[in-house]
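Biologist: Before we discuss any chemistry, could you show me the coordinates and then take me through how such features are read?
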Amino acid sequence: MKRIFRLSLCLLTVFLLGACSSDDTPVANVPQLSGNITFDRTRVGVGQPVKMSFALPASVSPDVLKAEYSFNLGGIADLPVEAENNVCTYTYAFREAGTYPVSFKVRYLFNYPDATGEIYRDDVIKKNLQVVACDVRNSFWGDNLAETQRNCGSVLEKQEGNTDLYAAVLSSEFGSSVEGGKETTVGYTFKNDKLYMVQEVNLFDTQVPFTLVFQYYRDIKKMYGEAVEINWSSDTEKNNGYFDAYVNGRDKTALEAMNVFLTTEKGGWVAFNFEKENTMMVVQCYKSNDKWVVKRAYREKE
């Protein structure tokens, strides 16, 4: 009997020790992430850099071994970021208008498994970002100088003799397929520190002006649609015959006649007007000092 009692006592001791050991096994307990993604712009235009931020909790559970942070910009894969002063940020310029489901993700790596047996967990915070088309290049009418400088992508230099004009050499939005047309001089004019007009100028040595004019027309048409008006420097009726050649480039006789017109007519030029939403553009092509000039002027529609 004593043997049986002692054996039972030993088994009970082993069971109690095992139970104590099981109760002492740590289980990761990490609170769910909460907070909001914020943007440093109230209106975001295509091509404008926008900084997105997420403020992290003041403290993290001691059960966390490591935390990894990233942003996802609506189809653009997770972009890793580091926390600085307990805030994660990422800056990006969207290339197309639309609604982007931006998300911030933190991956918690645990020191030991959680209650479900997992050794990590992903928490995601989401917020939609609306990106809209700009009025001209990467700017909106009425932007101040500082905002325009931030958006243009290069250093704006103040032009001598004009206190309201700033310029930079930027990549061309139109005519980039023409030799020498990949960069353009862009001038920004302000009134009372508000963007009022934008001008782009390209110079070419070409002796075949129609090729130049047609390329710009085709490129601009893709974005603005049909020209509202086309004007010529000489008699309108005489130059109506050039219109088809100008638009489709198939009439060789008309092309040759138009090239002769542009190269021999004193002060000859062609201009066409486009309108899109609240922006109007006037494109001029003319010869000056043995150079062919393509000049675009943008203004806000009244």
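Modeller: What follows is a guided reading, feature by feature, of a predicted model.

Biologist: Let us begin with the overall make-up: how many helices and strands does the protein have?

Modeller: The protein has six helices and 17 strands. Of its 302 residues, 38% are buried. As for the contacts with a separation of 6 or more, 60% of them are accounted for by residues 24 or more positions apart.

Biologist: How should I read the nonpolar interior, and which residues have the most contacts inside the largest core?

Modeller: The general idea is a set of buried nonpolar residues joined through their side-chain atoms. In this model the largest such core has 39 residues, and those with the most contacts inside it are Tyr-188, Val-198, Ile-220, Phe-272, Phe-274, Met-281 and Tyr-298. Helix H3, which spans residues 209-224, supplies the largest share of this core, namely eight residues. Apart from it lies another core, of 28 residues, which includes Val-44, Val-102, Ile-125 and Val-131.

Biologist: Take Val-198 as an example: with which residues is Val-198 in contact, once its neighbours within four places in sequence are left aside?

Modeller: Val-198 is then in contact with Val-136, Trp-141, Val-186, Gly-187, Tyr-188, Arg-296, Ala-297 and Tyr-298. Two of these names, Tyr-188 and Tyr-298, also appear in the list of core residues with the most contacts.

Biologist: Now to charged groups: what is the general idea behind a salt bridge, and how many does a search of the whole structure find?

Modeller: Side chains of opposite charge can pair when their charged atoms come close. Here a search of the whole structure finds eleven salt bridges. One of them joins the side chains of Arg-107 and Asp-122, with an N to O distance of 2.7 Å. This pair links distant parts of the chain, since Arg-107 belongs to strand S8 (residues 98-110) and Asp-122 to strand S9 (residues 120-132), 15 residues apart.

Biologist: Are Arg-107 and Asp-122 buried, exposed or partly exposed?

Modeller: Arg-107 has a relative accessible area of 28% and is therefore partly exposed, and Asp-122, at 30%, is partly exposed as well. A contrasting case is the salt bridge between Asp-123 and Arg-121, at 2.9 Å from N to O, where Asp-123 counts as buried because its relative accessibility is 1%, the cut-off for buried being under 20%.

Biologist: Where would I find an exposed partner, and which residues are joined into a network?

Modeller: Glu-226 forms a salt bridge with Lys-221, the closest N and O atoms being 3.1 Å apart. Glu-226 counts as exposed because its relative accessibility is 53%, whereas Lys-221, at 30%, counts as partly exposed. As for the network, Arg-137, Glu-200 and Arg-296 are joined into one by salt bridges that share partners.

Biologist: Let us turn to a polar residue in a loop: where is Ser-172 found, and is Ser-172 buried or exposed?

Modeller: Ser-172 is found in the loop between strand S11 (165-171) and strand S12 (183-191), and with a relative accessible area of 12% Ser-172 is buried. A polar atom of the Ser-172 side chain lies 3.4 Å from the backbone oxygen of Glu-183. Beyond its neighbours within four places in sequence, Ser-172 has contacts that include Arg-137, Thr-184 and Asn-202.

Biologist: How do I read the aromatic rings, and how many aromatic pairs are found?

Modeller: The general idea is to take the distance between ring centres together with the angle between the planes. A search of the whole structure finds eleven aromatic pairs. Phe-94 and Tyr-100 form a tilted one, at 4.3 Å centre to centre and 40 degrees between the planes, and both Phe-94 and Tyr-100 are buried.

Biologist: Why is the pair of Tyr-166 and Phe-190 edge-to-face?

Modeller: The planes of Tyr-166 and Phe-190 stand at 80 degrees, with the ring centres 5.9 Å apart, so the pair is edge-to-face. The pair links distant parts of the chain, with Tyr-166 in strand S11 and Phe-190 in strand S12, 24 residues apart. Tyr-166 counts as buried at 15% relative accessibility, and Phe-190 is buried at 3%. Elsewhere, Phe-54, Tyr-69, Phe-71 and Phe-104 form one aromatic cluster.

Biologist: Which residues place a charge over a ring?

Modeller: The charged end of Arg-43 sits over the ring of Phe-140, 3.7 Å from its centre, and Lys-191 lies over the face of Tyr-196, at 4.1 Å from the ring centre.

Methods
Residues numbered from 1 in each chain as written. Predicted model: local features only at pLDDT ≥ 70, side-chain atom pairs only at ≥ 80, totals over all residues. Heavy atoms only, no water. Core = buried A, V, L, I, M, F, W, Y, C linked by side-chain atoms within 4.5 Å. Buried < 20%, exposed > 50% of the residue type's maximum accessible area, 1.4 Å probe, protein only. Helix = DSSP H or I, 4+ residues; strand = E, 2+ residues; numbered from the N terminus. Contact = heavy atoms within 4.5 Å. Salt bridge = Lys/Arg side-chain N within 4 Å of Asp/Glu carboxyl O. Polar contact = N/O pair within 3.5 Å; in protein donor to acceptor, adjacent residues only side chain to side chain. Phe/Tyr/Trp six-rings, centres within 6.5 Å; stacked < 30°, edge-to-face > 60°. Lys NZ or Arg CZ within 6 Å of the ring centre and 35° of its normal.
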